[in-house]
Amino acid sequence: MADDKTTHFGYQQVAWQDKASRVAGVFRSVAPKYDLMNDLMSMGIHRAWKRFTIELAGVRPGHTVLDLAGGTGDLAIKFSKIVGDSGQVVLADINDAMLAVGRDRLFDAGCAHNTQVAQVNAEALPFEDNTFNTITIAFGLRNVTDKDKALRSMLRVLKPGGRLLVLEFSKPVHAPLSKLYDFYSFSVLPRLGKAVANDAESYQYLAESIRMHPDQATLKGMMEDAGFARCDYFNMTGGIVALHRGFKV
C-alpha cells in the first residue's frame, strides 16, 4: 500500500510522501548561509570537486545544459560562460529558497542572457525528450526520494550521446580516513552549523544522509539499471566524494 511506504530521512524513517517536504525544510533553513558553509565544511575543497565535474562534463559552445539541484548556481555560472550566446543553461532545483539565491548569483555574474531558472522535481522533469547535451546533479541525488525514478527521468531528457554527471558524497575507501571522517561529520559539522547558520539539526541530517546514500558501486549499478551506458566513477579525497558519469546511447 503506497500510503504505508517509508523511506529514510537521515537515520529516521519517514513516510515516503513526506521526505521531499522534510528535505525542503532543511534547505530553506540553510539557503542564506549555504555557500559560506560549503567553504567552511570542506575547507574550500568543494571548488576542486566542482572543477573536475566541469572538466568531465564535455560542455562546449552551443550546448544545452541542465544543472539539477543546482541551488546557488556554482556550476550553472561556469557552464553559462562555456556554452556562450548560442547555448542555454537551466538552473533547476526543487527548493524555491535555494533557487532565489541562485537566480541572484546568475544575474550578478552576468549570466542572465543564456540561463533559465526552473523549480522542478528531479523525479518528473518537465522537459521534452532528448533536450540536453549534459545534466549535472551535485550534492543533490541523496536528497531525492525515488532515485531510480529520477535517474530514468534524467535519461529521458538527455540527447543521445549526452552525459549525466552525479557529484555526491560517498564512502571513504580507507578505514582510518573513514573513522576520522565520522568524527568530523558527527562531532564538528553540527557544531559548525550551529555557530554559523544557527542550525545544528540540518547539518546532523547532512551527516546522516551521506551515510544512507548508496556507495560508489551501488550507484553505478543504479545508473546502469536506469539505462545509462559506459558508466564509471572517480573517487576524490579518498572517496569522501565520488563523481559518477554515464552516457545515453
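Leaving out neighbours within four places in sequence, Leu167 is in contact with Trp49, Lys50, Thr53, Ile137, Ala138, Phe139, Met236, Val241, Ala242 and Leu243, where contact means heavy atoms within 4.5 Å. The model is predicted, so local features need pLDDT of at least 70 and side-chain atom pairs count only at pLDDT 80 or more, while totals for chains, interfaces and linings use all residues. Residues are numbered from 1 along each chain as its sequence is written, and side-chain values use heavy atoms, with hydrogens and water left out.

Leu167 also belongs to the largest nonpolar core, which has 43 residues; Phe79, Leu167, Phe169 and Val241 touch the most other members. A nonpolar core is a set of buried Ala, Val, Leu, Ile, Met, Phe, Trp, Tyr and Cys residues joined through side-chain atoms within 4.5 Å. Buried means under 20% relative accessible area, exposed over 50%, and partly exposed in between (1.4 Å probe, protein chains only). Helix H4 gives this core its largest share, 5 residues. A second, separate core has 28 residues, including Val120, Phe127, Val157 and Leu164.

Helices (H or I, at least four residues) and strands (E, at least two) are DSSP runs, numbered from the N terminus. Strand E4 covers residues 88-93, and 5 of its 6 residues are buried, so E4 is largely enclosed by the rest of the structure. Two strands pair if DSSP finds at least two bridges between them. The table lists the pairings of E4.

| Partner of E4 | Sense | Bridges | One bridge pair |
|---|---|---|---|
| E3 (residues 64-68) | parallel | 4 bridges | Thr64 and Gln88 |
| E5 (residues 115-119) | parallel | 5 bridges | Val90 and Gln116 |

E3, helix H4 (residues 74-83) and E4 form a right-handed β-α-β unit. From E4 the chain crosses through helix H5 (residues 96-108) to E5, and this β-α-β crossover is right-handed too. Right-handed means that, with the strands pointing away from the viewer, the path from the first strand over the helix to the second runs clockwise.

Tyr203 lies in helix H8 (residues 200-212) and is buried, with a relative accessible area of 4%. Not counting residues up to four places away in sequence, Tyr203 touches Val30, Met37, Met41, Leu189, Pro190, Gly193 and Ala197.

Asp146 lies in the loop between strand E6 (132-138) and helix H6 (147-157). Asp146 is buried yet has no salt bridge; Arg152, the nearest side chain of opposite charge, is 5.2 Å away. A salt bridge is a side-chain nitrogen of Lys or Arg within 4 Å of a carboxyl oxygen of Asp or Glu. For charge, Lys and Arg count as positive and Asp and Glu as negative; His and the chain ends are not counted.
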